[in-house]
Amino acid sequence: MMSLVSTGGHSLASGPLPNFRTKPPQRRRPALPYLKTPRAAIVESRPVRVAPATRDNAGAAGGVGGGGSRAEDMQAEARAMARAVDAPVFNPELIASKYGRRPIEVVRRMLEILTAIGSFGLKLWLDERNGVFDQNKKVRATELRQIFTRLGPTFVKLGQGLSTRPDICPPEFLEELSELQDDLPTFPDEEAFACIERELGVSLDSIYSTITPSPVAAASLGQVYKAKLKNSGQTVAVKVQRPGIEKAIGLDFYLIRGLGGLINKYVDFITSDVVALIDEFVFRVYQELNYVQEGQNARRFKKLYADKEDIMVPDIFWEYTSGKVLTMEWVEGVKLNQQEAIEGQGLKVLDLVNTGIQCSLRQLLEYGYFHADPHPGNLLATPEGKLAFLDFGMMSETPEEARFAIIGHVVHLVNRDYEAMAQDYYALKFLSPDVDVTPIVPALQNFFDDALNYTVSELNFKTLVDGLGAVFYQYPFNVPAYYALILRSLTVLEGLALYADPNFKVLAASYPYFAKRLLTDPNPYLRDALVELLFKDGRFRWARLENLLEQGSKDRDFSAKDALQPVLKLLLAPDGEELRRLVVKEAVYVSEAVVLTSVVDTYNSIPTVLRPPILNGNGRGPLPMTDAEVLRIREFRDLVVRVWGLLQTSEDFDPALLQPILQVLQQPEARSLGGRVIGGVTQRLAARLLQQVLRTPPPVPTS
């Protein structure tokens with residue numbers, strides 16, 4: 001089994017701990033005071049606000065030795081933040097100012113990139129033309145990995161993204177590019193150890209009892225050593241940032257940003273602000289260069305999502321963390337794309353991927369704070385069957401209004417309500433309010449009517465993204481930067497799932513979460529979305545409710561109690577008269593179906609000779625209904641009974657949960673509602689009885 005830990009966007013693998021050894025005396029150096037060094041023009045220095053920390057929030061991801069008191073946690077985090085006071089932040093003006101005065105350096109780098117990528121593309125074209133593409137896949141995959149490695153961190157991240165897409169890259173390329181997650185060239189150990197002492201202001205002897213003499217793995221932003229803390233004996237991962245990393249990525253982002261400006265200016269069919277998308281991504285990458293910020297991200301992430309028994313987030317050791325050094329709990333586990341190793345431990349990859357999808361949905365749609373880089377190196381399967389999240393350098397947030405709009409968009413997709421879908425793009429900030437969505441509706445209809453031949457759950461997420469992308473290109477859509485990161489996150493997860501099962505559908509795995517949220521979330525927007533989903537043309541869609549309950553019950557957080565009370569409150573609200581009218585109408589149908597099927601069943605159980613003459617003589621049973629009508633009513637009753645049965649099968653179902661509902665039903669609106677239902681049922685049954693009595697009996701046959 002391998003031990004893995006992340007290194008700024010990438011996970012690291014190592015063997016077991018016996019390779020440890022104490023640092024030899026000749027490599028010791030006296031403790032170095034914390035030195036403030038001047039930053040390059042690419043970096044804008046700004047003070048880091050020392051925020052108060054508590055055991056509940058700041059201490060949630062470790063502290064002094066991972067288990068100090070609340071006061072010690074606060075002090076340790078404050079000292080870590082002070083050590084990161086000069087951490088770099090993304091400033092496009094400073095980048096432009098620096099490299100705008102260095103045209104030779106810019107041209108040299110541009111030619112280096114174009115030559116490397118262009119020559120590789122030419123080789124692929126020649127392979128395809130000469131019919132040897134399949135034979136040369138392995139060789140070309142190795143070349144591509146070497147090109148990305150040689151071009152530096154920016155292209156390593158590009159390779160990471162490609163390594164998770166089996167629907168884009170052949171297996172040979174996936175295997176090679178996956179090495180970019182944790183198998184890159186290292187920088188000298190002496191520089192790493194000097195950085196630790198310089199950043200923390202103490203000698204290695206005073207921190208670690210043992211530390212690996214060389215990194216257990218290395219990636220684009222840093223490399224990791226495995227160590228034992230001297231004061232507690234706890235095994236930790238020590239991540240050290242590569243020297244000169246700011247310069248390495250700064251020039252590339254300057255070029256990429258310049259390319260984005262050209263696209264904005266000259267490429268008409270791309271209506272999104274490409275520069276804004278690039279800036280959002282670069283901003284997140286620069287955040288990865290501040291390891292104290294990463295530690296704070298881990299703390300927040302752990303507080304929000306590690307309450308689930310199948311999610312694990314490592315602790316952060318603030319006393320041994322700075323802007324360029326991060327000390328975190330060592331996590332034993334296997335990368336999520338190593339299927340054989342995971343199954344060898346008795347675990348299932350798809351179960352872990354499902355856990356990741358459910359957690360990601362919570363991130364995107366509940367709290368809005370999400371991990372924007374969930375590639376295989378950042379997701380580990382622990383021996384206990386937990387999914388461990390690593391590397392919290394690249395995080396992002398979804399605005400609250402967008403979170404509800406996304407769920408509403410799914411509802412409209414299920415209903416195939418394309419006009420409402422088009423309106424959603426205002427709430428999602430895809431369209432400005434002055435854009436007319438009328439021409440967009442037919443384009444949505446053409447795409448989804450073709451894509452949704454069966455059900456939403458059978459639709460591949462990549463197909464959905466590609467299809468919507470084609471629609472976006474035709475109209476003045478402006479995709480927000482956060483949404484681009486959401487798509488990246490979900491497509492990476494789908495890539496992991498497809499790696500294990502080519503037939504896996506992310507939307508199908510996501511539907512239980514959406515169903516649970518619609519049934520249980522008291523938010524007014526989602527209450528309206530549920531009503532919209534369940535009512536159509538004045539009738540209640542019981543089959544849709546049955547499906548929602550079946551899917552929602554698959555989510556471990558589903559609660560029948562939560563599913564009942566919000567709907568009742570919505571029904572009895574002062575402005576709910578229209579909904580009450582529909583519910584009264586449906587309640588009458590349900591009550592009538594129960595009464596009528598009971599009458600028919602009772603009548604059929606009576607021997608023929610004992611049946612009342614007035615009913616038996618007409619030859620059509622006790623009610624003026626055809627066999628088809630009786631069958632339809634019986635099926636309707638059975639559907640309602642199944643829905644009630646699904647509520648009863650909920651793990652938290654208890655008759656006592658009806659008590660607060662009964663209290664709600666004591667309200668004047670509820671009493672009026674009950675009277676209206678009883679009145680409606682009485683009228684319909686009286687009409688049927690009168691029809692039965694006044695009906696002309698069938699003629700008596702003559703011999």
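Is Asp 391 buried or exposed? In this predicted model, where residues are numbered from 1 along each chain as its sequence is written, local features need pLDDT of at least 70, side-chain atom pairs count only at pLDDT 80 or more, and totals for chains, interfaces and linings use all residues. Side-chain values use heavy atoms, with hydrogens and water left out. Asp 391 is buried, with a relative accessible area of 2%; buried denotes under 20% relative accessible area, exposed over 50%, and partly exposed the range in between (1.4 Å probe, protein chains only).

Asp 391 is not a glycine, yet has a positive phi of about 60°. Its position is in the loop between β12 (387-389) and β13 (395-397); helices (H or I, at least four residues) and strands (E, at least two) are DSSP runs, numbered from the N terminus. Most residues other than glycine have a negative phi. Lys 429, also other than glycine, has a positive phi near 65° and is found in the loop between α15 (418-427) and α16 (440-451). Lys 429 is exposed, with a relative accessible area of 52%. A positive phi of about 55° is taken by Arg 416, just after α14.

Helix α14 covers residues 400-415, and its end C-alpha atoms are 23 Å apart, in agreement with the 22 Å that its 16 residues should span at 1.5 Å a residue; the expected span is 1.5 Å times one less than the number of residues. Of the 16 residues of α14, 14 are buried.

The largest nonpolar core (buried Ala, Val, Leu, Ile, Met, Phe, Trp, Tyr and Cys residues joined through side-chain atoms within 4.5 Å) has 144 residues. Those with the most contacts inside this core are Phe 301, Leu 336, Tyr 425, Leu 444, Phe 448 and Phe 477. Helix α18 (residues 481-500) gives the most to this core, with ten residues. Apart from it lies another core, of 19 residues, including Ala 192, Cys 195, Tyr 208 and Tyr 225. With residues up to four places away in sequence not counted, Phe 301 touches, among others, Val 313, Cys 359, His 371, Phe 389 and Met 395 (contact: heavy atoms within 4.5 Å).

Helices α1 (residues 70-83) and α11 (residues 291-305) pack at an angle of about 145°, their axes 9 Å apart. Axes are lines fitted to C-alpha atoms, for helices over the stretch in contact, and angles run from 0 to 180 degrees between N-to-C directions. From α1, Glu 77, Ala 80 and Met 81 meet Val 292, Gln 296 and Arg 299 of α11.
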